Amino acid sequence: MPAQYPFQGSTAKEIAESIERAVTSGELPPDALLPPVRNLAAQLGVAPNTAAAAYRALRDRGIVTTDGRRGTRVRPRPSVAPRAEPGSVVSPDARDLADGNPAADLLPDLRAALTATARAHQRAKRYGVPVVSAGLAERGRKSLAAEGVPAGDLTVASGTLDAIERVLQAHLRPGDAVAVEDPGYANLLDLVAALGLRALPVPIDEAGPLPDALRTAVRRGARALVVTPRAQNPTGAAVSAERSVELRALLRTAGLLLIEDDHAAGIAGAPLHSLAGSCEHWAYARSLSKAYGPDLRIALVAGDPTTVSRVEGRLRLGHGWVSHLLQDTAAALLADPAAAAAVARAEQAYAERRAALVAALRERGVSAYGRSGLNVWVPVRDETATVTALLAAGWAVSPGARFRLASPPGIRITVSELAPDEIGPLADAVRDALRAPTRTGA
């Protein structure tokens, strides 16, 4: 049933602003169904075209999503911030396997790197410093070159999502289409919508985006492709050597802007088969946050000269640079053998937990996928029923809906903090939840 809210306004701008205020205040919560265009127009005494224009404006700002079958709804994560932070949906009695975070006890100790940085920064940096600190540039190029990523042109961003936003804005305009993995990273889907871009779903398997599906996206007008080369969120897919050859061949002639999101470098548990350099305009972003700590908001960004120049030019007009305190801390961590050893231990632990859960589920007749990264993806018939049944059994997992555009239902289970003695009981609970009757009409 559509939300019962006193919509206001006589122009498209006024109507859109009224709905945006309601989303910001929480009166229209995420996934709230809005009235059909003709009903809203009749309610406000305006032409249907006016109501439709208001919905288009909200869609272009990433506040609502429109689907002929589901109607117009507030996005699960709209691009406007609520006045109050929503409470956690996870029961305090449930084991939280939904947050996607690395395990806190497997992160490297930052004290040595912070001490080294503090000694080097006896005085604060002044305006006009280089965008990339000399130490991070040296260490960054070395680490990228070791995995075959060309890094002659290098810059930095505050994480991979920040890098993706900057690269998209450097090349695309509202209304342009972007090919995205489906299922794919929920924050990326929200960002694409907030930028006024159109997301074209590209189905994936365990080896990465399907080439034929990408060709279809190109025929539908895709201007860019965002791909996760390993530790794909939510499925754990990793681009294989064979798939990278196919995708490189396609990219050489497709005329796409390529963006690679290597957000879990260091702990992915799979080799990198990068597509970098396979087309005229490209960017490869490597985050240090998953391996070294989520608060270390640094991503190395390699790319073609035009893309890097545009990203840096826009950065100089805004923030100016990413903090050299953070950059030099990141450089110190990359040079620290103890930190490298900690990252290697974390990668091994995540691989063991991921493999153990996939094996336990498959032993119980449950299909599961998790080739790399921190998550395991389980296809299900009914996400709501499965998530609810698992929560009742004491396990909180993520419903797949927020990661999907056109792909089948599933759930995401984060394995980063999963203890060995929890794997069997969790697998039993998933099996039992999938055997439960589905909801009527599901």
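Q: Helices are DSSP runs of H or I with at least four residues, and strands are runs of E with at least two. In this predicted model, where is His281 found?
A: His281 is in the loop between β9 (257-262) and β10.

Q: What is His281 in contact with, leaving aside its neighbours within four places in sequence?
A: The residues are His171, Leu256, Leu257, Leu258, Asp304, Thr306 and Thr307. They count as contacts because heavy atoms lie within 4.5 Å. Asn101 gives a view across the model: its C-alpha atom is separated by 31 Å from that of His281, with the two positions 180 residues apart along the chain.

Q: How do you know that strand β10 and strand β11 pair?
A: Two strands pair if there are at least two bridges between them. Strands β10 (residues 282-287) and β11 (residues 299-303) are joined by 5 bridges and run antiparallel; the requirement is therefore met. At one position, Arg286 stands opposite Leu300 in β11.

Q: Which helix packs on the sheet, touching β4, β10 and β11?
A: That is helix α11, residues 305-317, and its direction makes about 40° with that of β4.

Q: What is the order of the 8 strands in the open sheet?
A: The order is β4-β11-β10-β9-β8-β5-β6-β7, and the pairing is mixed.

Q: What makes β4 and β7 the edge strands?
A: Each pairs on one side only, β4 at 154-157 and β7 at 208-209.

Q: Which strands does helix α7 lie across?
A: Helix α7 (residues 186-194) crosses β5 (177-182), β6 (198-205) and β8 (222-227), and the angle to β5 is about 165°. Angles run from 0 to 180 degrees between N-to-C directions, so a value of about 165° means that helix α7 and β5 point in nearly opposite directions.

Q: Why is one side of β12 and of β14 left without a neighbour in the sheet?
A: These strands, β12 (375-379) and β14 (398-399), stand at the edges with a single partner strand each, so nothing in the sheet lies on the other side. The sheet is open, has 3 strands in the order β12-β15-β14, and its pairing is antiparallel.

Q: How do you know that β14 and strand β15 pair?
A: They share 2 bridges in the antiparallel sense. The rule asks for at least two, so the pair qualifies. Ser398 has Arg412 in β15 as its bridge partner. Helix α14 (residues 383-392) lies across β14 and β15, at about 35° to β15.

Q: Why is the contact of Arg230 with Glu147 called a salt bridge?
A: Side chains of opposite charge can pair when their charged atoms come close. The closest N and O atoms of Arg230 and Glu147 are 3.1 Å apart. The cut-off is 4 Å, so the pair counts as a salt bridge. The structure holds 20 salt bridges.

Q: What makes Arg230 and Glu147 a link between distant parts of the chain?
A: They are 83 residues apart: Arg230 is in the loop between β8 and α9 (241-254), and Glu147 in the loop between α5 (134-145) and β4.

Q: How many cavities of 30 Å³ or more does the structure hold?
A: There are 2, and the second largest has a volume of about 40 Å³. Its lining is formed by Asp96, Leu97, Ala98, Asp99, Thr414, Ser416 and Glu417.

Q: What makes 3 residues of that cavity lining charged?
A: Asp and Glu count as charged, so Asp96, Asp99 and Glu417 fall in that group. The rest divide into 2 nonpolar and 2 polar.

Q: Which residues lie nearest the centre of the second largest pocket?
A: They are Arg139, Ser143, Arg286, Tyr292 and Leu334, out of 18 lining residues. The pocket holds about 340 Å³ of space, and its lining divides into 11 nonpolar, 3 polar and 4 charged residues.

Q: How do you know that the peptide bond joining Asp182 and Pro183 is cis?
A: Its omega is about 0°. Pro183 is in the loop between β5 and α7. The peptide bond from Asn233 to Pro234 is also cis, with omega near 25°, and Pro234 is in the loop between β8 and α9.

Q: What makes the phi of Asp31 stand out?
A: Most residues other than glycine have a negative phi. Asp31 has a positive value, near 75°, and is found in the loop between α1 (12-25) and α2 (37-44).

Methods. Residues numbered from 1 in each chain as written. Predicted model: local features only at pLDDT ≥ 70, side-chain atom pairs only at ≥ 80, totals over all residues. Heavy atoms only, no water. 1 Å grid on protein atoms, 1.4 Å probe; cavity = no way out; pocket = protein on both sides within 12 Å on 5 of 7 lines; lining within 4 Å. Points joined across faces, edges and corners; volume = space filled by probe spheres on them. Salt bridge = Lys/Arg side-chain N within 4 Å of Asp/Glu carboxyl O.
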